[in-house]
Amino acid sequence: MKICFAPADVPLVRRIQTAVVLQWVFSFLALAPFCIILFVLLLFTRFWLISVLYAIWWYIDWDTPSQGGRKLSFLCRMRMWEYMRDYFPIKLVKTADLDPRKNYVLGFHPHGILVAGAFTNFCTEATGFSKLFPGLRSNLLMLPLWFRAPFFRDYIMAAGLVPSDKESASYMLRQKGGGNAVVIAVGGAPEALDAHPGDYTVHLANKKGFIKLAIEHGADLVPMYSFGENEVFDQVENPRGTWLRYIQERLQHIMGISLPLFHARGVFQYSFGLMPYRKPINTVVGRPIPVEKNEKPTAEELDVFHQRYMDELSRLFEEHKGNYGVDEDAHLLFQ
């Protein structure tokens, strides 16, 4: 394989962009196990008191992730995230106003490999979420597993991440006065296994939990489609029915996380590595679907809103796909 090295005269700003994205990739792929190992190793050194004191704090602070987390606005507004935005680049596209007196369940599609668009748009201010939607506070849901990692849990909470369980989402949607936007990557870990360039598969056909959540709390539903989310990484071909896909799905069922075999470019060369490609991601936020509160929705009501959501997501995709280089014959495939 011929290796294509990066030129030596790359502008400094691009080097900074690469460095910021590199730390972000490391955070998602390796920081959690690193923090766990560090916590354990410290117990066998003269710095053992750090782990002991943290364990006490961890016990006291155990429920915080499920109670809105601990988002730090100064961290979300750091200049470094603007470098990450410009690396791809990433853009948040508004198509309708969202009333800050209401609460919302925002469905993010597709999941992609590392949900770069969701993190940048809703965990940082790099794309101007608070300016586009004044009065709204966004929280991105993440697998509860990651909130069991010492030190790492505090890092992701500071960015506005909270566990992707009903307890966490309900806590925010119960808050009076509105202004809460709960962002859910609806397809979850299984959808990452379909994150191939040019693939528009959305795991939504049997996903009704987030619909029920919205109805129980009277939160309006807002579909989003992130054009380019599947383009920033390549993934080893794993069509359904192959042994690789079978193993991946079994591991996902056992562990709760999927293990897509992805690759892209490196830091100093463009031929292989785990750095995402510099390809644009445009996250288009659709129109809100009004929802009336009903603490005990019927199956028929769930079906009605689920179909309405799918129709609105399809409309959003068809209306905007031409703006972002999607072929006219391409359509969403619901799984």
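The following dialogue asks how the descriptive terms used for this predicted model are justified.

Student: What should I know about the model before we use any of these terms?

Tutor: This is a predicted model, in which local features need pLDDT of at least 70 and side-chain atom pairs count only at pLDDT 80 or more, while totals for chains, interfaces and linings use all residues. Residues are numbered from 1 along each chain as its sequence is written, and side-chain values use heavy atoms, with hydrogens and water left out.

Student: How many helices and strands does the chain have, and what makes a run of residues count as one?

Tutor: The chain comes to 12 helices and 11 strands. Both are DSSP runs numbered from the N terminus, a helix being H or I over at least four residues and a strand being E over at least two.

Student: How do you know whether the radius of gyration agrees with that of a compact globule?

Tutor: The radius is taken over C-alpha atoms, and the globule rule is 2.2 Å times the number of residues to the power 0.38. For 335 residues a compact globule would have a radius near 20 Å, and because the chain has 20 Å, the two agree. Along its principal axes, the C-alpha trace spans about 55 × 50 × 45 Å.

Student: What makes Arg-153 count as buried or exposed?

Tutor: Buried means under 20% relative accessible area, exposed means over 50%, and partly exposed lies in between, with a 1.4 Å probe and protein chains only. Arg-153 has 1% relative accessibility, and therefore counts as buried. Tyr-54, which lies in helix H2, has 10% and so also counts as buried. Of the 335 residues of the chain, 50% count as buried.

Student: Why is the contact between Arg-153 and Asp-61 called a salt bridge?

Tutor: The term requires a side-chain nitrogen of Lys or Arg within 4 Å of a carboxyl oxygen of Asp or Glu. The N to O distance between Arg-153 and Asp-61 is 3.1 Å, so the pair qualifies under that limit. Arg-153 lies in helix H7 (residues 152–158) and Asp-61 in the loop between H2 and helix H3 (73–76), so the salt bridge ties together parts that are 92 residues apart in sequence. Both of these residues, Arg-153 and Asp-61, are buried. Arg-153 also forms a salt bridge with Asp-154, where the closest N and O atoms are 3.6 Å apart.

Student: Which residues meet in a salt bridge of 2.4 Å, N to O?

Tutor: Those are the side chains of Asp-303 and Lys-208. Asp-303 is in helix H12 (residues 299–320) and Lys-208 is in the loop between strand E6 (201–202) and helix H10 (209–217), so that the pair links distant parts of the chain, 95 residues apart. Asp-303, at 38% relative accessibility, counts as partly exposed, and Lys-208 counts as partly exposed at 30%. Elsewhere, salt bridges that share partners join Asp-61, Arg-70, Arg-153 and Asp-154 into one network. A search of the whole structure finds 19 salt bridges.

Student: What makes strand E7 largely enclosed?

Tutor: Eight of the eight residues of strand E7 (residues 220–227) are buried, so the strand is largely enclosed by the rest of the structure. Both faces are covered, with Asp-220, Val-222, Met-224 and Ser-226 buried on one side and Leu-221, Pro-223, Tyr-225 and Phe-227 buried on the other.

Student: How do you know that E7 pairs with strand E2 and with strand E10?

Tutor: Two strands pair if DSSP finds at least two bridges between them. E2 (residues 104–109) and E7 pair in the parallel sense over six bridges, and E7 and E10 (residues 281–285) pair in the antiparallel sense over four, so each pair satisfies the definition. Within E7, Tyr-225 is the bridge partner of His-109, and Tyr-225 also stands opposite Val-284 in E10.

Student: Why are E1 and E4 called edge strands?

Tutor: The open sheet of seven strands has the order E1-E10-E7-E2-E5-E3-E4, with mixed pairing. Strand E1 (90–94) and strand E4 (161–163) are its edge strands, as each pairs on one side only. E4 runs parallel to strand E3 (residues 137–142), joined by three bridges, and Pro-163 in E4 is the bridge partner of Met-142.
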